Amino acid sequence: MSIIGFLIPIALFLGGLGVIAFIWCVRSNQYEDLEGAAWRILEDEDEPPGQGPGRGGRGG
Amino acid sequence: MNATLAGRAADPTIELQPTRPDDIQAFVRRQPDGAWALDLMVEGAHCGACISRIERTLRRHPGVQAARLNLSTRRLHVAWQGAREDGAALHAAVEELGYPAVAFDPERLEADGAAGQQDLLRCVGVAGFAAANVMILSIAVWSGHALDMGPGTRGLLHWLSALIALPAVAYAGRPFFTSAWRALRARTTNMDVPISVGVTLACAMSLSETIRHGPYAYFDSAVTLLFFLLIGRYLDSRARGHARAAIERLMLLRAARVTVLEPHGGQTVMAADQVRPGAIILVAPGERIGVDGRIVSGTSSLDNSLVSGESLPAAVEPGDRVYAGTLNLDSALRIETLAVGEATLLSEIGRLMELAEQRRGRYVALADRVSRYYAPVVHFLALLTFLVWTFQVGVIWQIGLLHAVAVLIITCPCALGLAVPAVQVIASGRLLRQGVLLKSPTALERLAAVDTVVFDKTGTLTAGRPELVDRDRVPEAALELAAAMAMSSKHVLARGLVAACPDVAALDGVREIPGRGLVLATPEGEVRLGQRDWALEGLAEVGATPDGPALPEIWLARPGQPPQVFRFEDRLREDALATVRALKDRGFRVELLSGDRPEVTAKVAGQLGIAHWRAGVGPTAKTVHLQALGRDGRHVLMVGDGLNDAPALAAAHVSASPSTAADISQTAADVVFQGQRLGAVLELLAVAQKAERLVRQNMVLSIGYNVLAVPLAMIGLVTPLIAAVTMSSSSLLVVGNALRLARPSR
């Protein structure tokens, strides 16, 4: 049974990473424009670097 | 209320105001990194091609660092290095592509809406993480009951669950706790009160069980419950946010400004609500008057349709009173702003609206009405369980409390809390796809009770713009000449002419004579287009007005040719007849209330087969009539678009406006529908009725679940396993039932 002493902390750690990643996504406005992202994938031209939705503050 | 109302109401403009370069400059901001930034609201962008056209065009401008269009909110953010003045050029570039764009201040628009939604989303994420992990641990515990898990291992798993669940509940439960606390402080209750009580008690009891090494802990129920409810709440707020963003956009696109003439010469442009009484303002032809006032100089005619519903332009001269919201047609006017006090039409309308809104503010959402009965019953049953177990059966009080809390957990209104939002989210999503925006959260419930539909005429049943009558009988050459001249004018009738013959090129040398018409000098002589008496002045041959009802008309006089008349009519919307007929077929009483003249109103009522109509009704009379209908026990849907409709919209049981409406009407209406189709009203009522049916079914389902589960809990048979299974299955059942609304109606 001592295996759960390792497994549970590992599971919680990995899950915690997931939550942190999710909160980061929300913070950096990744969920701001769900419609636009679906169309952008069809664009051939690459965006200049550093133009993610996080930039440009709240206007995006 | 009054301050914001005055600000909003003073700029009701249907047409897009041409945006001046100096207006754009005011919205250019400096970013921390030294670049300039501008935010624009862009209309008409719908797909990926629009994104790349706009963004690429902007990026080609020298100095532009970033250009990003958000397709969900239609907001465009541009940042550039260089001069502040480049903002105007960038704005012009977007407009040249064919997308009307208006600058806005993001700080002002980003009210609580977006921040609240992000917070909700974070709560969903945290609750989801906790629910998944606690559930894994719980399944281990449940299997342990069947097999032979030692109390030590079980205790460890319970402690781990507590470690995950308690912080998660404290974090993700905030939306419910604050709302419940607010309700309790206002001495009412809502759905969040039983939710908060149930979740808090479940956690507290589970913690004490864990400390006492007891067999049962309900951490999984508490967090799963929160997770489900948060999903419902997030979807709900997202759907509402969509509608709100669309309405904000429509209003911004219509924001108008007033040109004030300074006493010492020069002029300033300012928002209508900043104009002081006594100031002289200048209103160019084609502009809407932003204030109530008196004409100092100039003669012109005014389109009063927004204010009075009157469809014919009225002539005005110095000394006449004019009202905010009317459209100046012919020539520039100087207007003295009168006291913005209690006497103005605008504040009168504002007062009426406020009264009506107070009355309607008392409407309580169905879920909250149910919970008023639900919460006391549930809490009484829990108390009863505790008393009976402790004093009748004679177990120790901790066991009695355990069973009582099990009752609270099992009755925690998971299904009930999802029953309404799930249906509402799907219904508003379905309506949104058809251009119908639900502004008020209780609009659907109120729509379902509607049995009477009252329409305004101008701009609602009719398209609200004059169209040329008998186009086939007008000689093509005369029409082309007239349309080419009319290109230089902003008069409504001139626009009607251009609309009838849009492909001509504008003629040079056309002069506009204020209050009269247009003149073009040609080698053969003067060509006149305008008022009959003026255009036909001195002509040997005087044309006769064709028989039939009096319609707005303009005359074209050419040297050496007979005069030609153009007559105009405000046509019905294309599907007006079909809509009214369908409404009557479905058993609705249809009425027509108009501020226009009786003969015009009678004609429209006759064409549409509306038996109940009244003409010449002002804002107060409309409100009174609607209140009378309400006293008769009728639930009225009011559909209107003008300033004069705003109080009536607020007074009706529920109200709708076309998106072309004056923005004060859109503020007052519960529902805004886009596009030219009036059939949106039918769809709205159909979806509302179907939604109401599903909500009731869902209520029955969740109450049926409680009737089954509560006795089990009271006799102490509900273990955490049973609680988890029954709660999840009833929630899924309710959501599945709601999803039936997403299917197109048969």
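**Close-up of A:N29 in the loop between α1 and α2 of chain A.** In this predicted model, A:N29 sits in the loop that lies between helices α1 and α2 of chain A. Its phi angle is near 65°, which is a positive value in a residue other than glycine. A:N29 counts as buried because its relative accessibility is 7%, and the cut-off for being called buried is under 20%.

**Close-up of B:H213 in the loop between α9 and α10 of chain B.** The loop shown here lies between α9, residues 192-211, and α10, residues 219-252, and B:H213 has its place in that loop. B:H213 is not a glycine, although it has a positive phi of about 60°. Is B:H213 buried or exposed? With a relative accessibility of 54%, B:H213 counts as exposed, since that class begins over 50%.

**Close-up of the salt bridge between A:R40 and B:E55.** The side chains of A:R40 and B:E55 meet in a salt bridge, with a distance of 3.0 Å from N to O. Across the interface of chain A and chain B, the rule finds one salt bridge. It also finds four residue pairs in polar contact across this interface, with both residues of each pair at pLDDT 80 or more. On the side of chain A that touches chain B, the elements that give two or more residues are α1, residues 3-27, and α2, residues 34-40. The largest share of that side, 10 residues, comes from α1 of chain A.

**View of the contact between chain A and chain B.** Chain A brings 31 residues to the contact, while chain B brings 39 residues. The area buried between the two chains is about 3,000 Å², and carbon and sulfur atoms give 57% of that area.

**Close-up of B:A686 in helix α26 of chain B.** Helix α26 of chain B covers residues 680-714, and B:A686 lies within this helix. B:A686 is partly exposed, because its relative accessible area is 31%, a value that falls between the cut-offs of 20% and 50%. Although B:A686 and B:L447 are 239 residues apart along the chain, their C-alpha atoms are separated by 9.3 Å.

**View of residues 1-19 of chain B, where pLDDT stays under 50.** For this stretch of chain B, the model has 50 contacts beyond four places in sequence, while pLDDT stays under 50 over residues 1-19. Where pLDDT is low, the predicted coordinates should not be read in detail. For chain B as a whole, the mean pLDDT is 79, and 83% of its residues reach 70 or more.

Terms used: Residues numbered from 1 in each chain as written. Chains lettered and ligands numbered in written order. Heavy atoms only, no water. Contact = heavy atoms within 4.5 Å. Buried area = accessible area lost by both parts, 1.4 Å probe. Salt bridge = Lys/Arg side-chain N within 4 Å of Asp/Glu carboxyl O. Polar contact = N/O pair within 3.5 Å; in protein donor to acceptor, adjacent residues only side chain to side chain. Helix = DSSP H or I, 4+ residues; strand = E, 2+ residues; numbered from the N terminus. pLDDT = per-residue confidence, 0-100. Buried < 20%, exposed > 50% of the residue type's maximum accessible area, 1.4 Å probe, protein only.
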